[in-house]
Amino acid sequence: MSAIADSRDQNEPIQVLFALHDGFDTLDFTGPLEILSQSQHDFKDSSTKAFEITTCAVGNTVKSGQGLSVQADVSFELAHESLSDYDILIVPGGGVSNILKEAGSKADDLPTVKLVDAFTDLQETDPSKERTLMSVCTGSLFLAQAGVLQGLAATTHPDFYTRLEILCAESARRDMGERTDVMEERYVVNNARYDLGDNPEENPFIFTKKPEGQGRRKSIARKGSDAWKASRRRESIVKRANMPLGGMRLITSGGVTAGMDAALYLVAALVSHESALEVARILQFEWKKGVTVQGIDV
């Protein structure tokens, strides 16, 4: 368990903001939404919901690529004004490659790209609060355009690995930054901080290696569990500030079910592994212990 805010009450809801764009993929949004909405700090007490969900969009209503209309809670403008209130920003995919292509040289001015950039800047300037940025499917292309993936590891929908690599390379050249390792994984976690414990093999997040020659990059993260909460340690703000992106946890995931896997990982990391397993049971969603934890682990 990482310290989202050192003064946070253990049963206080974690604030989540979904950034929705026209044509977003319905399940990229509703999959993680369902998992986070079902999560509780204490399943014996229905008043202890773990996450508070807010949606933002350009207008009052935004329509998915599958025709689902969602009434946004706030506009992107209001989201920017209250950005410091949120612990997690989630960016679904859906038509992102075409959106970036149509925007051309003005892609940096897209509302989602600007929000991602602002959220990252907020963490870097205010590391006293740990924040999480998560993308689902092609939502990672927005992150690449914003330049926040430089020097990190990332993934996306398998059909867009090459597109993500191109965007990340262009971003690195534009900003004279570091390259991005694009991995063929269900989800990739950067700035994952965990206590390995006495017996690493008993940890719930054990990385099961692929046979040699498969996958773009070998994992450079250590194995981990949700032992941070059990250890009751408080993370040094100075240490967090010296991490990439000010210590912000950055998660990119592949397609629909990979986004749900990543959401369950987030529940386990921020609430408890037991809570994640209970949500998986309620939703009859198979979530095995061999999930992938990758990326930069300081």
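This text walks through helix packing, a buried helix and the aromatic pairs of a predicted model.

Start with helix 5, residues 139-146. Eight of its eight residues are buried, so helix 5 is largely enclosed by the rest of the structure. The buried set is Gly139, Ser140, Leu141, Phe142, Leu143, Ala144, Gln145 and Ala146. What covers them? The cover includes three strands and three helices by name: strand 6 (88-91), strand 7 (132-136) and strand 11 (249-253), along with helix 3 (96-103), helix 4 and helix 6 (161-175). Just past the end of helix 5 comes Gly147, with a positive phi of about 80 degrees.

Now take one of those covering elements, helix 4. Two packed helices are described by the angle between their axes and the distance between the axes. Helix 4 spans residues 111-125 and packs on helix 5 at an angle of about 65 degrees, the axes lying 9 Å apart. The crossing of these two helices is right-handed. Helix 4 brings Thr112, Val113, Val116 and Asp117 to the contact. Helix 5 answers with Phe142, Leu143, Gln145 and Ala146. By residue class, the contact holds five nonpolar, two polar and one charged. The four helix 5 residues in this contact are also on the buried list.

A second helix pair sits further along the chain. Helix 9 (residues 256-270) and helix 10 (residues 273-282) pack at about 145 degrees, with axes 6 Å apart. From helix 9 come Leu264, Val267 and Ala268. They meet His273, Ser275, Ala276, Val279 and Ala280 of helix 10. This contact has six nonpolar residues, two polar and no charged.

Turn next to the aromatic rings. How many aromatic pairs are there? The count comes to three. In one of them, the ring centres of Phe24 and Phe29 are 5.8 Å apart and the planes stand at 90 degrees, so the pair is edge-to-face. Phe24 and Phe29 are both buried. Together with Phe18, they form one aromatic cluster.

Another pair leads back to helix 9. Tyr187 and Tyr265 lie 5.6 Å centre to centre, with 45 degrees between their planes, and the pair is tilted. Tyr187 belongs to strand 10 (residues 187-190) and Tyr265 to helix 9, so the pair ties together parts that are 78 residues apart in sequence. Are these two tyrosines buried or exposed? Tyr187 is buried, and Tyr265 is buried too. Helix 9 thus takes part in two of the features described here: it packs against helix 10, and it carries one ring of the tilted pair.

How values were computed: Residues are numbered from 1 along each chain as its sequence is written. This is a predicted model: local features need pLDDT of at least 70, side-chain atom pairs count only at pLDDT 80 or more; totals for chains, interfaces and linings use all residues. Side-chain values use heavy atoms; hydrogens and water are left out. Axes are lines fitted to C-alpha atoms, for helices over the stretch in contact, and angles run from 0 to 180 degrees between N-to-C directions. A crossing is left-handed if the near helix is turned anticlockwise from the far one by less than a right angle, and right-handed if clockwise. Contact means heavy atoms within 4.5 Å. Ala, Val, Leu, Ile, Met, Phe, Trp, Tyr, Cys and Pro count as nonpolar, Asp, Glu, Lys and Arg as charged, and the others, Gly among them, as polar. Buried means under 20% relative accessible area, exposed over 50%, partly exposed in between (1.4 Å probe, protein chains only). Rings of Phe, Tyr and Trp (its six-membered ring) pair if their centres lie within 6.5 Å; planes under 30 degrees apart count as stacked, over 60 as edge-to-face and the rest as tilted.
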